[in-house]
Amino acid sequence: MITIRRARPEDVQEIIALANSVFRPPDSGLSPSMGMQYPLFLSEQNAQNLFIAEDNGRIVAHNGTMPGTILVNGHPISMSSMGSVCTHPDYRGQGIGTRVLMSVLDSLREEGIGLLAISGGRGLYTRNGAAHTAGYLNFTIASESYATEDSLFADLRDVYSVAYSEYCEEAVSTIADEMAALYQAESVRYLRTGREFPILLKAAPGAQKCPPDRLIAMCSIGKSAAAYTIGYRQEDDVLRVVEYAGDRLAVGFLVHRMLSDKAVQKLSLDVPTYDRQLAAYLEACGFKGSSRPYASTFMVTNASALWNQVRPIIEERLSECGAALSLNQLPVNCNEGQELLHFLFDAHQRKTYGQPWDSVLPIPLPWVNGLNFI
Ligand SMILES: CC(C)(COP(=O)(O)OP(=O)(O)OC[C@H]1O[C@@H](n2cnc3c(N)ncnc32)[C@H](O)[C@@H]1OP(=O)(O)O)[C@@H](O)C(=O)NCCC(=O)NCCS
């Protein structure tokens, strides 16, 4: 008989083994790295947020979340992230994945977690309330087609200096504090402590191969760190920048230098829709971004808890346009999760809601494929 329950610390190694067999199967050439790449999520400390299906004591399915907080212009919103969702191949198509998902959603609702980010957009999620809401511009740039000297960034060469680090624990320990501080100054981000930063940098969540071939680039002005990029070199020789932070001109300068130093042949950089400044700098250099939805979906798991947390953001923005919040005049049904999700956060294919909503919304959702990827 199949039973669903929360994991206990002693279950975590078996969960990791199941996740490795599904996401890093032996014939894939990938190393069984799930435990290494998700050290905070797939950990004994997080066992209570991992849900499993058991058949006579054997773990046959898993769905776990990692509780977290996102900060939007200083306002905290509780958001869990869901990942490593898997059912053993012999047990698929029997509704087990759906049952485990329901247990997770019930627990989030009871715990008052309003928002969930899910690493994927399968029917399993979208049938149950998840939707694509956030969007980004992808800039893929080849060094051979980049007119280095004509770039607006070329004039900044005497202002900024650049240092590269291939990942090694020693090299990174000297810059991790500066990187953490730059990340913590971002206006749309995850709450990420200085202790977590080097752990996640080492783990390289979301990297195709493990250990990944990383390139960390740091831009400074005088002795002050101005910006960083973290990139993973992929098998097709593209450097995929998974995270950046800091002054946007300095981020653009890092892109310019990586391409002009020939440290990188081809670079792929994803700029969330809300980051208009970086997109504008790149466009001013003649680069063209292509618009895409985040690969992750989002779900409202507890509408009233979410509403309580987004309310100060909306009130702050409304006051800037001289309006006040009247809950009776909302253009959506707040109890309908997907409606609320699109209304509050949809930046990709946004509907028109009328004023003042079109001026104050959407609320940006942080980039999910960086070090907090799950
Ligand atoms: C995705 C995954 C976790 C689903 O697990 P599962 O236990 O098979 O899930 P369910 O049985 O609840 O649903 C699977 C399908 O069976 C159907 N189904 C649900 N209950 C059923 C039942 N009682 N009898 C027959 N079919 C059923 C569902 O309609 C669903 O179809 P879908 O393809 O439209 O989603 C599993 O396929 C898996 O491990 N895939 C590989 C890893 C992966 O891709 N994970 C997701 C990362 S985003």
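In this predicted model, the shell of residues around the ligand is made up of 6 nonpolar, 9 polar and 2 charged residues. The ligand is surrounded by 17 residues, and the closest of these are R92, G95, G97, T98 and G120. Three elements give two or more residues each to this shell: the strand β5 (75-87) and the helices α3 (96-110) and α4 (123-126).

Stepping back to the whole chain, the domain assignment splits it into domain 1, which covers 1-134 + 294-374, and domain 2, which covers 136-293. The centres of the two domains, taken over C-alpha atoms, are 26 Å apart. Where the domains meet, 28 residues of domain 1 are in contact with 25 residues of domain 2. On the domain 1 side, at least two residues come from each of α2 (34-37) and β4 (69-72), and β4 provides the largest share, with 4 residues. This side of domain 1 contains 17 nonpolar and 11 polar residues, but no charged residues.

Helix α6 (residues 196-203) offers a closer look at local packing. Its buried residues are L200, L201 and A203. These residues lie on the same side of α6, because the arc they cover around the axis is only 165°. In an α-helix there are 3.6 residues a turn, so residues three or four places apart point the same way. The partners against which the buried residues of α6 pack are α2 and α5 (169-184). Helix α2 thus appears twice in this account: it supplies residues to the side of domain 1 that touches domain 2, and the buried residues of α6 pack against it. Just after α6, A204 adopts a positive phi of about 50°.

Conventions
Residues are numbered from 1 along each chain as its sequence is written. This is a predicted model: local features need pLDDT of at least 70, side-chain atom pairs count only at pLDDT 80 or more; totals for chains, interfaces and linings use all residues. A residue is near a molecule or strand if its C-beta atom, placed from the backbone, lies within 6 Å of it. Ala, Val, Leu, Ile, Met, Phe, Trp, Tyr, Cys and Pro count as nonpolar, Asp, Glu, Lys and Arg as charged, and the others, Gly among them, as polar. Domain bounds come from an automatic or database domain assignment. Two residues are in contact if their C-beta atoms, placed from the backbone, lie within 7 Å. A residue is buried if 20 or more other C-beta atoms lie within 10 Å of its own, exposed if 12 or fewer, and partly exposed in between; C-beta atoms are placed from the backbone. The arc is that of the directions from the helix axis to the C-beta atoms.
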